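These are my notes from a session spent looking things up in one structure. I took the topics one by one.

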Amino acid sequence: MNVVSSLAIELRNISKSFGSGESRVFANTDVNLSVRRGSIHAIVGENGAGKSTAMKILFGMQSADSGEVHVFGKSVRWRNPTEAMASGIGMVHQHFMLAGPHTVLENIVLGCENSSAFGILDTKKAASRLRELCERYSMPVDPDRAIEDLPVGVQQRVEILKLLYRDSQVFILDEPTAVLTPQEIEALFSNLRRLRDEGRTILIITHKLKEVLALSDEVTVLRQGKTVGSIQTKQASAELLAEWMVGRKVILDVKSEAESNPGVVRMKVTDLVLDSNHAMLKNVSLEVRAGEIVGVAGVEGNGQSELLRALLDPKNPLSLNSGKVELLGHDVSSWSSSQIRRLQVGFMPEDRHRDGMLLDESVELNILLGLQNHPAFVSEIPGVGGVIRKSALKQALERAWVDYDLRPRQSGIPGRSLSGGNQQKLVIAREFEHHPEFLVATHPTRGVDVGAIEWIHRKLFKARDQGTGILLVSSELDEILSLSDRIIVMFQGAVVAEFSRGNVSAQQLGLAMSGGLKGGHA
Amino acid sequence: MDEMLSLLGSTLRLSAPLIFAAMGGLLSERSGVIHIALEGMMMVGGFAAAVATLSFHSPLVGCAAAVIAGLAFSALYAALVIPFRANQVVAGTAINFLAAGVVPSVSKLLYGNTGSTPSIPLDERLHWAGPVVGAIVLVAGLALLLAKTPVGLWIRFAGEHPHALASAGVNVIRVRFLSVLAAGALAAMGGATLSLSLSSAYSRNMTAARGFMALAALIFGKWKAWPAFAACLLFGFAEALQNRLQGVALPWKPDETIPVQFIQMLPYLVTLVVLAGFVGRSRAPKALGTQF
């Protein structure tokens with residue numbers, strides 16, 4: 001076998017920048033990547049390391065400023081994804097490219113339809129071809145079902161079948177495990193291995209090191225738009241990869257030294273019921289005591305968001321039909337969110353960009369967000385209203401620089417100019433500003449770099465040890481497992497299982513998350 | 001019996017313009033582009049049809065002129081909202097104003113008045129059966145196009161998940177642009193039906209918000225061809241009924257009639273009730289109104 005043809009993909013000195021002048025951002029600087037044909041190659045790096053840009057260039061969605069792309073030994077320069085697809089490259093995007101109300105078959109044939117007489121879609125032929133593929137790769141799926149009726153894991157299967165239908169030789173998968181249960185992840189991995197054994201080439205973009213080690217043959221690490229290095233997976237370790245990703249040594253698994261010591265009840269919900277179009281809560285009851293972390297596990301969309309809304313805005317009939325919400329000893333079932341914000345409670349929202357920050361406003365105003373009634377920041381002038389105390393905001397920001405290691409240490413800059421990790425630190429700094437006795441931490445490390453994850457986890461443990469009751473909602477099972485003193489599992493709007501620390505494995509959790517476990521044990 | 005038959009006949013005739021416009025709206029909105037400007041397209045179509053028929057003494061030339069005028073206006077609309085990414089509701093409203101201004105201006109130039117075109121001779125008008133049959137064939141054709149052909153699949157994906165369509169290698173901009181163009185041509189045909197078949201001339205504001213009623217029918221019909229067709233028939237029936245009820249005496253006071261203004265409200269009242277009562281339950285294309 002000669003050297004050239006054994007490589008499926010080669011990126012040589014790819015550079016790409018966006019913007020111009022001072023706001024110019026270098027997404028890729030001399031990125032190099034070699035992917036052997038018939039291998040699974042993982043590309044890891046933190047948010048903003050340039051993984052996505054490099055893949056978009058490879059897939060023809062963006063063009064490189066300089067550098068070369070070689071596919072199966074030939075130099076190529078795509079103008080659009082169609083050309084990339086014609087050469088056998090296919091991509092499974094992180095957010096699926098599937099239209100919910102349309103059928104599996106329609107989603108799969110889109111763009112490569114066969115017509116019979118009079119230009120009518122030949123669905124028979126397409127369906128039989130699809131059935132054949134389903135059978136050959138043991139990926140069963142009903143061609144006539146609407147996408148929106150399928151679980152996420154099956155939707156992803158449809159995405160893979162879409163590429164098989166086009167007979168793609170190179171599969172690019174962008175964060176494919178983000179929304180899957182452990183069982184679905186295992187099924188995905190065995191499918192991918194099978195495709196590799198058939199001679200196809202798999203590129204997987206991820207930030208989960210455990211999965212890289214479990215699945216890939218080789219790894220390439222990117223940091224700040226540059227290739228740090230490539231290594232055979234069997235010679236790599238999570239510690240080494242994390243160090244490459246961050247640029248310094250990182251402690252991956254933060255453990256609490258102290259045992260949890262639950263005190264008084266800080267949050268208690270009883271029989272929460274919500275029944276609207278898609279949102280559901282089915283008799284959810286739950287309590288969080290002082291000094292414990294209660295983790296909520298579940299595939300996204302199984303009632304976690306609804307639970308959080310019921311806690312923050314119980315008065316709103318859209319958040320709750322019936323049930324009782326108690327916070328810090330008050331019955332808040334008929335309180336508005338602004339009343340609740342006056343209690344010593346903190347909320348780290350689910351979607352930081354949508355609900356947690358004003359991206360175009362200054363960091364100071366972002367510190368104020370949600371605390372606009374707090375006497376430390378706003379002086380009431382009788383008959384006029386509140387006036388923001390800018391000096392107090394400035395001081396709070398300076399405290400955040402020191403106590404929370406918020407960077408850059410610059411006042412007045414817009415929230416948008418902070419990195420994901422620093423945005424989250426700002427949110428944490430703000431929510432800890434009035435020493436919450438109860439804290440909701442939702443996806444606390446989503447979109448946060450490996451280095452900052454460690455920091456955030458320590459901070460949560462410290463708050464717990466000081467007596468804060470914490471409700472942790474996360475789609476990262478490892479995070480749930482390593483932080484929580486108790487774990488509850490939500491499935492289709494109901495609490496289906498509860499476990500205590502150390503009494504549960506990721507597999508058991510996954511089973512409960514997919515509804516396969518009723519009851520559970522304490 | 002005769003009464004019923006004639007009511008049925010006028011329902012069909014009066015529904016035809018709505019059906020053309022609603023089918024235009026269907027194409028545009030299924031491809032993801034809101035089409036508030038159907039009303040304006042109907043105006044220019046109705047006017048162009050009357051002018052061309054008067055000059056060339058052929059209703060077919062009149063229809064062709066309507067299509068051309070509709071295409072021109074929808075090309076302007078499509079250019080504003082697709083490549084230039086203007087807000088679709090605002091741009092559509094502007095197009096409606098433009099049409100409401102252009103038509104009387106041209107009328108003034110041609111005929112010296114801003115109201116109506118001269119009357120079209122009886123033998124040069126469109127026979128009522130033409131638009132009715134045409135509208136039904138159109139509905140069947142579009143239903144088939146959307147459900148069973150590759151192009152229909154592209155249109156549906158453009159309105160539902162345009163990025164999925166693009167990632168499958170189909171040009172979303174082109175699909176949307178052509179859908180909006182076709183929508184304009186169809187709505188203009190609806191206008192031509194008004195001036196050439198239901199009436200004897202184009203008179204000022206003769207569209208009387210039918211473009212918006214077509215939009216309401218589209219929404220009531222859940223953005224699907226046959227249900228939207230049924231909704232158009234409902235509105236057409238309301239209109240036929242209001243024609244019939246005009247001048248009918250009150251049963252308990254034989255020498256008095258309901259004021260005609262109240263009766264004329266009927267089709268709009270039906271529209272309002274339908275929209276208020278049912279819109280919440282129908283589901284729009286997910287990417288409707290979004291830029292790509």
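**Domains.** Which domains does the assignment give for chain A? I noted first that the model is predicted. For chain A the assignment lists domain 1 (1–17 + 27–88 + 168–250), domain 2 (96–167), domain 3 (251–344 + 435–522) and domain 4 (351–425). I then looked up the distance between the centres of domain 2 and domain 3 of chain A, which is 38 Å over C-alpha atoms.

**Backbone of chain A.** I looked for unusual backbone geometry next. Most residues other than glycine have a negative phi, and most peptide bonds are trans. The peptide bond between Arg407(A) and Pro408(A) is cis, with omega about -5°. I placed Pro408(A) in the loop that runs between helix H13 (390–403) and helix H14 (420–432) of chain A.

Phe72(A), not a glycine, has a positive phi of about 50°. I found Phe72(A) in the loop between strand E4 (66–71) and strand E5 (74–76) of chain A. Its relative accessible area is 25%, so I entered Phe72(A) as partly exposed.

Asp167(A) also went on my list, with a positive phi near 55°. Asp167(A) sits in the loop between helix H5 (152–165) and strand E7 (170–174) of chain A. I entered Asp167(A) as partly exposed because its relative accessible area is 41%.

**Cysteines.** How many disulfides does the structure hold? I found zero over all chains. I checked Cys63(B): the closest cysteine sulfur is in Cys232(B), 18 Å away, and therefore too far for a bond. Cys232(B), in turn, is in no disulfide, its nearest cysteine sulfur being that of Cys63(B). Cys63(B) is buried at 11% relative accessible area, and Cys232(B) is buried at 0%.

**Thr117(B).** Is Thr117(B) buried or exposed? I read 5% relative accessibility, so Thr117(B) counts as buried. Thr117(B) lies in the loop between helix H4 (88–111) and helix H5 (129–148) of chain B. I left aside neighbours within four places in sequence and listed the contacts of Thr117(B), among them Phe47(B), Val51(B), Leu54(B), Tyr111(B) and Tyr202(B).

**Surface of chain B.** My last entry is a nonpolar surface patch of about 490 Å², made by Ile258(B), Phe262(B), Met265(B), Leu269(B) and Leu272(B). I looked up one member, Phe262(B), and found it in helix H11 (residues 260–264) of chain B. Phe262(B) has a relative accessible area of 55%, which means I log it as exposed.

Definitions and conventions. Residues numbered from 1 in each chain as written. Chains lettered and ligands numbered in written order. Predicted model: local features only at pLDDT ≥ 70, side-chain atom pairs only at ≥ 80, totals over all residues. Heavy atoms only, no water. Patch = residues over 30% accessible without salt bridge, like charges linked within 9 Å, V, L, I, M, F, W, Y side chains within 5 Å. Areas by Shrake-Rupley, 256 points an atom, 1.4 Å probe, with all protein chains shown as cover. Salt bridge = Lys/Arg side-chain N within 4 Å of Asp/Glu carboxyl O. Helix = DSSP H or I, 4+ residues; strand = E, 2+ residues; numbered from the N terminus. Buried < 20%, exposed > 50% of the residue type's maximum accessible area, 1.4 Å probe, protein only. Contact = heavy atoms within 4.5 Å. Domains from an automatic or database assignment. Disulfide = S-S within 2.5 Å.
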